[in-house]
Amino acid sequence: MKVIGVTGGVGAGKSEVLAYLEKRRDCRVIMADRVAHRLEEPGEACYEPLTALLGKEILDAAGKIDKRKMAARIFGDGELLLKVNGIVHPAVKAYLTEQIEKERAAGQIAWLFIEAALLIEEGYAEMLDGLWYIHAEEEVRRQRLRETRGYTDEKIDAILQKQLSAQAFRKHCGVVIENNGTLESVYTQIDKELGEDQWQKR
């Protein structure tokens, strides 16, 4: 089994790549954001530490962490954000390490894909067999974010300023999937990387 990290900037089209992969046999896709949300549920690894750090005012009426309240509590406080990341990121990494070991032992899949925006920044490379960079030109990404998410240019500017450059992504990633055109072109690139004969539909 090979473990592949999938990364790229906002609006690059990672979701289309992951959706295509999930329709194929012999693979599993894990999204780090979803893992983080799960680990923030009551009784999970991050719930008590986050509540202790940020206070019970971040909880909703059911006692669950309210994402909007948590974001508002952290907003503008870089030191607090670092502390939150210091709770969540190690827990996510531990979960992913556990899942990799579990899948290797089971021997049921050929590929495990892990998607995370900060794969490079958070040092995930040590647990991966390879890194894929999903690339789209900046104007293409901007147009997608305007159309699909309703983002303003100001919001897009703020997000892009915080993300790695295309050059930095390319430096760390062994495979680049270009997503500036049609989905069929993206699928062809994926099939070429993985071997089309292995990727029959479920």
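Which strand is joined to strand 1 (residues 2–7) by five bridges, and where in the chain does that partner lie? To find out, select residues 2–7 together with residues 111–115 in this predicted model: the partner is strand 3, which runs parallel to strand 1. Within this pair, look for valine 6, which stands opposite glutamate 115 of strand 3.

Next, widen the selection to the whole sheet, which is open and holds five strands in the order 2-3-1-4-5, with parallel pairing. At the edges you will find strand 2 (27–31) and strand 5 (175–178), and because each of them has a single partner strand, one side of each is left without a neighbour in the sheet. If you turn the view so that you look along the sheet, you can follow a twist that averages 25° from one strand to the next.

Now add the helices that lie against these strands. Select residues 14–22 to show helix 1, which lies across strand 1, strand 2, strand 3 and strand 4 (130–135), and which runs at about 145° to strand 2. Then select residues 78–106 for helix 5, which packs on the sheet and touches strand 1, strand 2 and strand 3, while its direction makes about 175° with that of strand 2.

Keep helix 5 in view and add helix 2 (residues 32–39), whose axis comes within 10 Å of the axis of helix 5 and crosses it at roughly 110°. With that angle, helix 2 is roughly perpendicular to helix 5. To see the contact itself, show the side chains of Ala32, Val35, Ala36, Arg38 and Leu39 on helix 2, and those of Val88, Ala91, Val92 and Tyr95 on helix 5. Coloured by class, the residues of this contact divide into eight nonpolar, no polar and one charged.

From here, move to the largest pocket, which has a volume of about 2000 Å³. A good way in is to select Asp33, Asn85, Ala117, Leu118 and Gln163, which lie nearest its centre among the 49 residues of its lining. The elements that give two or more residues to this lining are helix 1, helix 2, helix 4 (67–74), helix 5, helix 6 (138–149) and helix 7 (153–161), and helix 5 gives the most, with seven residues. By class, the lining of the largest pocket divides into 24 nonpolar, twelve polar and 13 charged residues.

The last stop is the second largest pocket, in which about 160 Å³ of space lies. Select Glu138, Arg141, Leu164, Ser165 and Ala166, which are the closest to its centre of the 13 residues that line it. Strand 4, helix 6 and helix 8 (166–172) each supply at least two residues of this lining, and the lining of the second largest pocket has six nonpolar, four polar and three charged residues.

How values were computed
Residues are numbered from 1 along each chain as its sequence is written. This is a predicted model: local features need pLDDT of at least 70, side-chain atom pairs count only at pLDDT 80 or more; totals for chains, interfaces and linings use all residues. Side-chain values use heavy atoms; hydrogens and water are left out. Two strands pair if DSSP finds at least two bridges between them. Helices (H or I, at least four residues) and strands (E, at least two) are DSSP runs, numbered from the N terminus. Axes are lines fitted to C-alpha atoms, for helices over the stretch in contact, and angles run from 0 to 180 degrees between N-to-C directions. Contact means heavy atoms within 4.5 Å. Angles under 35 degrees count as roughly parallel, over 145 as roughly antiparallel, 65 to 115 as roughly perpendicular and the rest as oblique. Ala, Val, Leu, Ile, Met, Phe, Trp, Tyr, Cys and Pro count as nonpolar, Asp, Glu, Lys and Arg as charged, and the others, Gly among them, as polar. On a 1 Å grid over the protein atoms alone, a cavity is a set of points where a 1.4 Å probe fits but cannot get out, and a pocket is an open set with protein on both sides within 12 Å along at least five of seven lines; lining residues have an atom within 4 Å of a point. Grid points are joined across faces, edges and corners, and a volume is the space filled by probe spheres set on the points.
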